[in-house]
Amino acid sequence: MSIKSISKSEFEVMKVIWDFGRAVQYVDVAEKLAEKDYSWKKNTILTFLTRLVEKKLLRVKKIGRKNEYYALVSESEYLGQQTENFLEDIYEGDVKGLITNLVQKDLITADEIDDLQEYWKRMKSTE
């Protein structure tokens, strides 16, 4: 299943919904965004919610006069798909090229590399 890419603003809205871990209404989303210092107007947030429904990341259900929004895609599913897309689009699937670039640009620390090596060993031992 291919998950559509979303804008940074739409991603911020999705992070709020994922953090709730349940169905949310506009007011829930607006309050959390305000806590994160986003001063978007009501129509802006509603537009993002509508776009996320259109992109099939959210489902909307009418409850009386209010809408409830449900995530159709988990955060890990979305991040996994975007990582695959990035790797394919930018590095043509070359994982080694990506990691080499992370190391050369000091975007990954020695401790993080050690953690990854330990993770890799654990994963290999469970196969």
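Me: How many bridges join strand β1 (residues 24-25) to β3, and what makes them count as a pair?

Reply: In this predicted model, two bridges join strand β1 to β3, and the two strands run antiparallel. Strands are said to pair if at least two bridges are found between them, so β1 and β3 meet that condition with their two bridges. One contact between these strands places glutamine 25 opposite glutamate 68 in β3.

Me: How do you know that strand β2 and strand β3 pair, and in which sense?

Reply: Strand β2 covers residues 58-63 and strand β3 covers residues 66-71, and six bridges hold them in the antiparallel sense. Since at least two bridges are asked for, the six found here satisfy the rule, and β2 and β3 are therefore called paired. Among the residue partners, lysine 61 has glutamate 68 of β3 as its bridge partner, while isoleucine 63 is bridged to lysine 66 of β3.

Me: Where is a positive phi found in the hairpin of β2 and β3?

Reply: The positive phi belongs to glycine 64, with a value near 65 degrees, in a hairpin that has two residues between its strands.

Me: What makes β1 and β2 the edge strands?

Reply: The three strands form an open sheet in the order β1-β3-β2, with antiparallel pairing. Within that order, β1 and β2 each pair on one side only, and this is what the term edge strand refers to. As a general point, strands of a sheet pair through backbone hydrogen bonds, either parallel or antiparallel.

Me: Why is leucine 33 called buried rather than exposed?

Reply: Leucine 33, which has its place in helix α2 (residues 26-35), shows a relative accessible area of 1%. Buried means under 20%, so a residue at 1% falls within that class and leucine 33 is called buried. The C-alpha atoms of leucine 33 and glutamate 127 are separated by 42 Å, with their positions 94 residues apart along the chain.

Me: Why is lysine 15 called partly exposed?

Reply: Lysine 15, in helix α1 (residues 8-20), has a relative accessible area of 24%. Buried would need a value under 20% and exposed a value over 50%, so 24% lies in between and lysine 15 counts as partly exposed. From its C-alpha atom to that of aspartate 37, 22 residues apart along the chain, the separation is 14 Å.

Me: How do you know that lysine 42 counts as partly exposed?

Reply: The relative accessibility of lysine 42 is 49%, and exposed requires over 50%, so lysine 42 stays in the partly exposed class. Its place is in helix α3 (residues 42-54), and its C-alpha is 39 Å from that of tyrosine 91, 49 residues apart in sequence.

Me: What makes glutamate 92 count as exposed?

Reply: Glutamate 92 is placed in the loop between α4 and α5 (95-104), and its relative accessibility is 69%. Because exposed means over 50%, the value of 69% puts glutamate 92 in that class. Glutamate 92 also has a positive phi of about 50 degrees although it is not a glycine.

Me: Why is aspartate 106 called exposed or buried?

Reply: At a relative accessible area of 68%, aspartate 106 passes the limit of over 50%, and it is therefore called exposed. Aspartate 106 sits in the loop between α5 and α6 (110-125), and its phi is near 55 degrees, a positive value in a residue other than glycine.

Me: Which residues gather in a patch of negative charge on the surface?

Reply: The residues that gather there are Glu88, Asp89, Glu92 and Asp94. Patch members need over 30% relative accessible area, and glutamate 88, in helix α4 (residues 75-91), is partly exposed at 49%, so its value meets that part of the rule.

Me: Which residues make a nonpolar surface patch, and of what area?

Reply: Val95, Ile99 and Val103 make a nonpolar patch of about 220 Å². Valine 103, in helix α5, counts as partly exposed at 38% relative accessibility, and because patches take residues with over 30%, its accessibility allows valine 103 to belong.

Technical notes:
Residues numbered from 1 in each chain as written. Predicted model: local features only at pLDDT ≥ 70, side-chain atom pairs only at ≥ 80, totals over all residues. Heavy atoms only, no water. Patch = residues over 30% accessible without salt bridge, like charges linked within 9 Å, V, L, I, M, F, W, Y side chains within 5 Å. Areas by Shrake-Rupley, 256 points an atom, 1.4 Å probe, with all protein chains shown as cover. Salt bridge = Lys/Arg side-chain N within 4 Å of Asp/Glu carboxyl O. Lys, Arg positive; Asp, Glu negative; His and termini not counted. Charge placed at Lys NZ, Arg CZ, Asp CG, Glu CD. Helix = DSSP H or I, 4+ residues; strand = E, 2+ residues; numbered from the N terminus. Buried < 20%, exposed > 50% of the residue type's maximum accessible area, 1.4 Å probe, protein only.
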